[in-house]
Amino acid sequence: MSLFGQDRSFLHALPDRDRRALLAEGTPRSYEPGEVMIRERDTSAYVLALMSGWAVVSVETERGTRLILALRGSGEVVGDLAAVDRRPRSATVTALGRVDAVSVSGDRFRRFLAEHPHATSLIMRQLSARLRSADVERRSLASETVLQRLAVRLVELAERAGRPADAGTVLELPLPQHDLAAAIGATREAVAKALRLLREQDVVRTANRRVVVIDMPVLLLLAQGGSHRAKAVEKPPPSV
């Protein structure tokens with residue numbers, strides 16, 4: 001399961017000429033942290049090409065809770081599904097920090113795809129990847145523990161948005177606990193308990209909206225379903 005898109009984003013995969021043509025069809029927009037960029041069930045059809053910053057894609061569950069489906073960053077497009085199938089929005093997109101984007105109307109985006117077959121192929125590949133990721137996510141929710149799902153997310157955030165530091169790897173996308181919970185389909189209380197366990201095992205350190213991974217090998221082991229006591233087992237015996 002993955003919060004992130006493909007290694008190469010839609011805009012970066014386009015030839016320079018096609019990318020310039022798409023951006024010329026739109027209007028620059030800026031969003032402040034926490035601002036809703038696209039709202040679930042809305043009937044608008046514009047597409048946003050993200051130029052900088054990060055956005056959170058989420059849905060409301062039947063129980064009224066929020067489930068984070070993805071993080072989208074520079075070079076990616078959001079809102080393309082509604083533009084293509086002309087149906088209501090399937091998810092909400094919210095700015096995680098400040099986001100700069102280019103807004104392209106649904107009509108212009110469809111015309112662009114019709115005139116650029118390679119772009120259409122990229123969009124189809126992107127939709128296919130998201131469907132496959134959703135299948136993996138459903139399997140994860142049914143079979144993995146909260147601790148394992150949290151470890152998977154932290155590893156992914158560290159690998160894709162981490163900054164090396166003396167203490168370990170600082171996550172550059174510091175999600176609050178309620179967002180971490182929404183990203184793994186768990187309660188905030190369950191995530192708080194799992195983070196406490198990771199702190200006690202000296203796997204991570206946490207502060208306000210800040211997580212530092214200090215033992216990546218153990219976190220990887222947990223992500224693969226290993227025991228949280230593995231670190232204690234792996235420690236060498238004290239010298240005498």
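A residue counts as exposed when its relative accessible area is over 50%. The legends below describe close-up views of a predicted model.

**View 1. Thr 43 in the loop between strands E2 and E3.** Thr 43 lies in the loop that joins strand E2 (36–38) and strand E3 (47–52). With a relative accessible area of 70%, Thr 43 is exposed. Its C-alpha atom is separated by 6.8 Å from that of Arg 87, although the two residues are 44 residues apart along the chain.

**View 2. The region listed by UniProt as "domain: Cyclic nucleotide-binding".** The UniProt record, an unreviewed entry, gives residues 10–113 for this feature. In the predicted model, helix accounts for 26% and strand for 38% of the chain over residues 10–113. The C-alpha atoms at the two ends of this stretch are 12 Å apart.

**View 3. The open sheet E2-E7-E4-E5.** Four strands, in the order E2-E7-E4-E5, make up an open sheet with antiparallel pairing. E2 and strand E5 (66–72) are at the edges and have a single partner strand each, so one side of each is left without a neighbour in the sheet. On average, neighbouring strands of this sheet are turned by 35° against each other, direction ignored. E2 and strand E7 (residues 92–95) run antiparallel and are joined by 2 bridges. Opposite Val 36 stands Thr 94 in E7.

**View 4. The open sheet E9-E10-E12-E11 and helix H6.** This open sheet consists of 4 strands in the order E9-E10-E12-E11, with antiparallel pairing. Strand E9 (162–165) and strand E11 (204–207) are the edge strands, and each pairs on one side only. The average turn between neighbouring strands of the sheet is 25°, direction ignored. Between strand E10 (residues 168–171) and strand E12 (residues 210–213), the antiparallel pairing extends over 2 bridges. Val 170 has Val 212 in E12 as its bridge partner. Helix H6 packs on the sheet and touches E9, E10, E11 and E12. The direction of H6 makes about 90° with that of E10.

**View 5. The contact of helix H6 with helix H7.** The axes of helix H6 (residues 146–161) and helix H7 (residues 177–184) come within 10 Å and cross at roughly 105°. The two helices, H6 and H7, are therefore roughly perpendicular to each other. From H6, the residues Val 146, Arg 149, Leu 150, Arg 153, Leu 154 and Leu 157 take part, meeting Leu 180, Ala 183 and Ile 184 in H7. The residues of this contact comprise 7 nonpolar, no polar and 2 charged.

Note on methods: Residues are numbered from 1 along each chain as its sequence is written. This is a predicted model: local features need pLDDT of at least 70, side-chain atom pairs count only at pLDDT 80 or more; totals for chains, interfaces and linings use all residues. Side-chain values use heavy atoms; hydrogens and water are left out. Axes are lines fitted to C-alpha atoms, for helices over the stretch in contact, and angles run from 0 to 180 degrees between N-to-C directions. Angles under 35 degrees count as roughly parallel, over 145 as roughly antiparallel, 65 to 115 as roughly perpendicular and the rest as oblique. Contact means heavy atoms within 4.5 Å. Ala, Val, Leu, Ile, Met, Phe, Trp, Tyr, Cys and Pro count as nonpolar, Asp, Glu, Lys and Arg as charged, and the others, Gly among them, as polar. Buried means under 20% relative accessible area, exposed over 50%, partly exposed in between (1.4 Å probe, protein chains only). UniProt positions are given in the numbering used here, feature names are shortened, and annotations may be inferred rather than shown by experiment. Two strands pair if DSSP finds at least two bridges between them.
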